[in-house]
Every structure is written in C-alpha cells, then in structure tokens.
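Please look through the sequence and the model below before reading on. The paragraphs that follow lead from one part of the chain to the next.

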Amino acid sequence: MSIPIPRTDCTSISIFSTIGFGSEFEILKRIYDKAIGEWRMAETLGRLDEVISSIDELCRECSLEGWDGYEAPPIAEDACYEAKRFIRSLPLSFPMPEIVPEPNGGIGLEWSKGDRLIFVASVSGKNEIVYAGLFGMNKSHGTEYFGETLPTAIVENLKRLNF
C-alpha cells in the first residue's frame, strides 16, 4: 500500500515525483508518462502542421516573379518541397523555426533566442543546406549536403541554441 503525502510546493502535474515505490506508484507513473508524452507529441505535431501550412502559403504568395516588389524570382517548387522535408526531419524536441522567403528563390528557416543566439538555414531545392549561426561570440557557417536525413552539422548547431 502507498501512503499519500500532501505537497504544497506542487504547482502542476509536470512536477510529478519520479521517486516512489509500490504498485500504485508504478501505475500512476505509467499513466503520467503516457499523458505527458501524448501532450508533448500533440503540441509538437500541431506546430509541425502549422509550419508546413505556412510553407505552403509562402510558396503560393511568392510564386510570381517580383513577389518582393523588385525582381525576385519565384520561390522554387523544389525549395518548397525541401523546406517541408527539412521541417519533418527535425528532432521532435526541437522548436519549429520561423519561415521566410529569400530573394534568390529559396526559403530561410530561422531560430532566434535573443540578439546573439541565432541560427539560419536556407534551402533552395538543390539538396543542400546553406547555414549560418551566431552563438554568443562564436560564429558558424557552411554548406551541407541534404540527403535522406538532416546533416549532423545542422543538428549540432541547433543544439547550441540551448532549447
């Protein structure tokens, strides 16, 4: 039998204790883990759908030459496909980026956590990712081949933002 102990410092279910014993504790822990896991998955997948929709919308809005008021080429259809593939390749624990059109016909994916914590990746439908990051006083930039999975360099740079 488990003995309940009242806690006054517990402000939400997310502070569920991971220390306990007894069969009741194990049952509660499984229920908690499943509920929180489903909630996080639903939140992440909901945001994923939202970002995919925003890529589709951006591609429609920027489908004609001069979409920027100057002479920018239309966003390439392959860039739209590649941006969605990039988003779907992100680890579920990572936040979704802001999506921006680029005047060269590509799509930029931006993460920002303040003035000096920024990472931008750009896709143009050529199976490559051009990226640049500012991490405090450190900088990173380069080009990576985008094959079946997200390149390790991209994932490692995103981790530097401390999500």
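Two rings of Phe, Tyr or Trp (for Trp, its six-membered ring) are taken as an aromatic pair if their centres lie within 6.5 Å. In this predicted model, the structure holds 5 aromatic pairs, and Phe 86, Trp 111, Phe 119, Tyr 131, Phe 135 and Phe 146 form one aromatic cluster. We will come back to this cluster once the parts of the chain that carry it have been introduced.

The protein chain has 3 helices and 5 strands, and when it is read along the sequence these elements follow the pattern α-α-β-β-β-β-β-α. Of the 163 residues in the protein chain, 31% are buried. If one takes the contacts between residues at least 6 apart in sequence, 42% of them join residues that are at least 24 apart.

The strands make up an open sheet of 5 strands, which has the order 1-2-3-4-5 and antiparallel pairing. Strand 1, residues 98–101, and strand 5 stand at the edges and have a single partner strand each, so one side of each is left without a neighbour in the sheet. On average, and with direction ignored, neighbouring strands of this sheet are turned by 15° against each other. As a general background, the strands of a sheet pair through backbone hydrogen bonds, in either a parallel or an antiparallel manner.

Two of these pairings can be followed residue by residue. Strand 3 and strand 4 pair in the antiparallel sense over 7 bridges, and here Ala 121 stands opposite Tyr 131 in strand 4. The loop between strand 3 (117–123) and strand 4 (128–135) contains Asn 127, a residue that has a positive phi of about 60° although it is not a glycine. This deserves a second look because most residues other than glycine have a negative phi. Asn 127 is partly exposed, with a relative accessible area of 34%.

Strand 4 is also joined to strand 5, residues 138–145, by 8 bridges, and these two strands run antiparallel. Strand 4 and strand 5 form a hairpin with 2 residues between them, and Gly 136 in the turn has a positive phi of about 70°. Across this pairing, Phe 135 stands opposite Asn 138 in strand 5.

How do the helices sit against the sheet? Helix 2 lies across strand 1, strand 2 (107–112), strand 3 and strand 4, and it runs at about 30° to strand 2. Helix 3 packs on the sheet as well, touching strand 2, strand 3, strand 4 and strand 5, and its direction makes about 25° with that of strand 4.

With these elements in place, we can return to the aromatic rings. Phe 86 and Phe 146 form an aromatic pair that is edge-to-face, with 6.1 Å from centre to centre and 70° between the planes. Phe 86 lies in helix 2, while Phe 146 lies in the loop between strand 5 and helix 3 (152–159), so the pair ties together parts that are 60 residues apart in sequence. Both Phe 86 and Phe 146 are buried. Phe 146 has a further partner in Arg 85, which lies over the face of its ring at 3.9 Å from the ring centre.

Helix 2 also takes part in a covalent link, since a disulfide is a covalent bond between the sulfur atoms of two cysteines. The structure holds 1 disulfide, which joins Cys 59 to Cys 80 with a distance of 1.8 Å from S to S. Cys 59 lies in helix 1 (residues 23–61) and Cys 80 in helix 2 (residues 77–89), so the pair ties together parts that are 21 residues apart in sequence. The torsion about the S-S bond of Cys 59 and Cys 80 is about -120°, so the disulfide is left-handed. Cys 59 and Cys 80 are both buried.

Why does Cys 62 not form a bond with Cys 59? The sulfur of Cys 62 is 7.7 Å from that of Cys 59, which is the closest cysteine sulfur, and this is too far for a bond. Cys 62 is nevertheless buried, with a relative accessible area of 6%.

One last residue of helix 2 is Lys 84. Is Lys 84 to be called buried or exposed? At 19% relative accessibility it counts as buried, because the cut-off for buried is under 20%. If residues up to four places away in sequence are not counted, Lys 84 touches Ile 52, Ile 55 and Asp 56.

How values were computed. Residues numbered from 1 in each chain as written. Predicted model: local features only at pLDDT ≥ 70, side-chain atom pairs only at ≥ 80, totals over all residues. Heavy atoms only, no water. Helix = DSSP H or I, 4+ residues; strand = E, 2+ residues; numbered from the N terminus. Buried < 20%, exposed > 50% of the residue type's maximum accessible area, 1.4 Å probe, protein only. Disulfide = S-S within 2.5 Å. Pairing = 2+ DSSP bridges. Phe/Tyr/Trp six-rings, centres within 6.5 Å; stacked < 30°, edge-to-face > 60°. Lys NZ or Arg CZ within 6 Å of the ring centre and 35° of its normal. Axes fitted to C-alpha atoms, helices over the stretch in contact; angles between N-to-C directions. Contact = heavy atoms within 4.5 Å.
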